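Student: I'm new to this structure and would like a close look at a single part of it. Could you walk me through that part step by step?

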Amino acid sequence: MTTTFETGLAKRKATLGAEYVEKNLAAADDFNRPFQEAMTEWCWGFGWGDDAIDIKTRSLMNLSMIGALGKMHEWELHLNGAITNGCTMEEIRAAIHVIAIYCGVPQGVECFRIARKVLEERKLIGFDEPIERD
């Protein structure tokens, strides 16, 4: 493997979690292994491997682009990565606002729905007692 691959592997594990990455690589077979390796080297090694843009900004960029594409399974994965990379709820909220403005309110609604799920799972937000209504 190349240095770019090793850099990519380290960046990928740091953002998405070593367990998740190792599970994906272990599940790779002859059909999709070349893609897993290329993605690790190209996306994570080349795309994330320099210090020109800090990891929080890269994570926010990812959320915006993946949200624009409507790839919500990947958006949820990268939201977890963005939190790991230090993005705050305020920064995530602002990114979702941008997604809603440029990609449409329904896409913003979907991002907020997934963000609430992830933030609750990570115990970063919760619900107070429900307000009773007449």
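Student: Is Cys103 buried, exposed or partly exposed, and what is its relative accessible area?

Tutor: Happy to help! This is a predicted model, and in it Cys103 is partly exposed, with a relative accessible area of 34%. That value falls in the middle class because buried means under 20% and exposed means over 50%.

Let's place this cysteine in its surroundings. The protein has 7 helices and 0 strands, so the pattern along the sequence reads α-α-α-α-α-α-α. Its C-alpha trace spans about 65 × 30 × 25 Å along the principal axes, and 31% of the 134 residues count as buried. Cys103 belongs to helix α6, which covers residues 89–103.

Now look at the partner on one side, helix α7, residues 105–121. The axes of α6 and α7 are 7 Å apart, and the packing angle is about 155°, which means that α6 is roughly antiparallel to α7. Their crossing is right-handed. From α6, the contact uses Met89, Arg93, Ile96, His97, Ile99, Ala100 and Cys103. From α7 come Val105, Gln107, Gly108, Cys111, Phe112, Ala115 and Leu119. Sorted by class, this contact holds 10 nonpolar, 3 polar and 1 charged residues.

You may have spotted a cysteine on each helix in that list, Cys103 and Cys111. Are they joined? A disulfide is a covalent bond between the sulfur atoms of two cysteines. Here the closest cysteine sulfur to that of Cys103 is in Cys111, 8.0 Å away, and this is too far for a bond because a disulfide needs the sulfur atoms within 2.5 Å. Indeed, the structure holds 0 disulfides. The two cysteines also sit in separate exposure classes: Cys111 counts as buried, at 0% relative accessibility, while Cys103 is partly exposed.

Cys103 has a second set of neighbours, on helix α4 (residues 55–69). Here the angle between α4 and α6 is about 30°, with the axes 9 Å apart, and α4 passes α6 in a right-handed crossing. On the α4 side the contact residues are Lys56, Leu60, Leu63, Ser64, Gly67 and Ala68; on the α6 side they are Glu91, Ile92, Ala95, Ile99 and Cys103. By class, that gives 7 nonpolar, 2 polar and 2 charged residues.

To sum up, Cys103 takes part in the contact of α6 with α7 and in the contact of α6 with α4, and it remains partly exposed.

Key
Residues numbered from 1 in each chain as written. Predicted model: local features only at pLDDT ≥ 70, side-chain atom pairs only at ≥ 80, totals over all residues. Heavy atoms only, no water. Axes fitted to C-alpha atoms, helices over the stretch in contact; angles between N-to-C directions. Helix = DSSP H or I, 4+ residues; strand = E, 2+ residues; numbered from the N terminus. Parallel < 35°, antiparallel > 145°, perpendicular 65-115°, else oblique. Left-handed = near helix turned anticlockwise from the far one by under 90°. Contact = heavy atoms within 4.5 Å. Nonpolar A, V, L, I, M, F, W, Y, C, P; charged D, E, K, R; others polar. Buried < 20%, exposed > 50% of the residue type's maximum accessible area, 1.4 Å probe, protein only.
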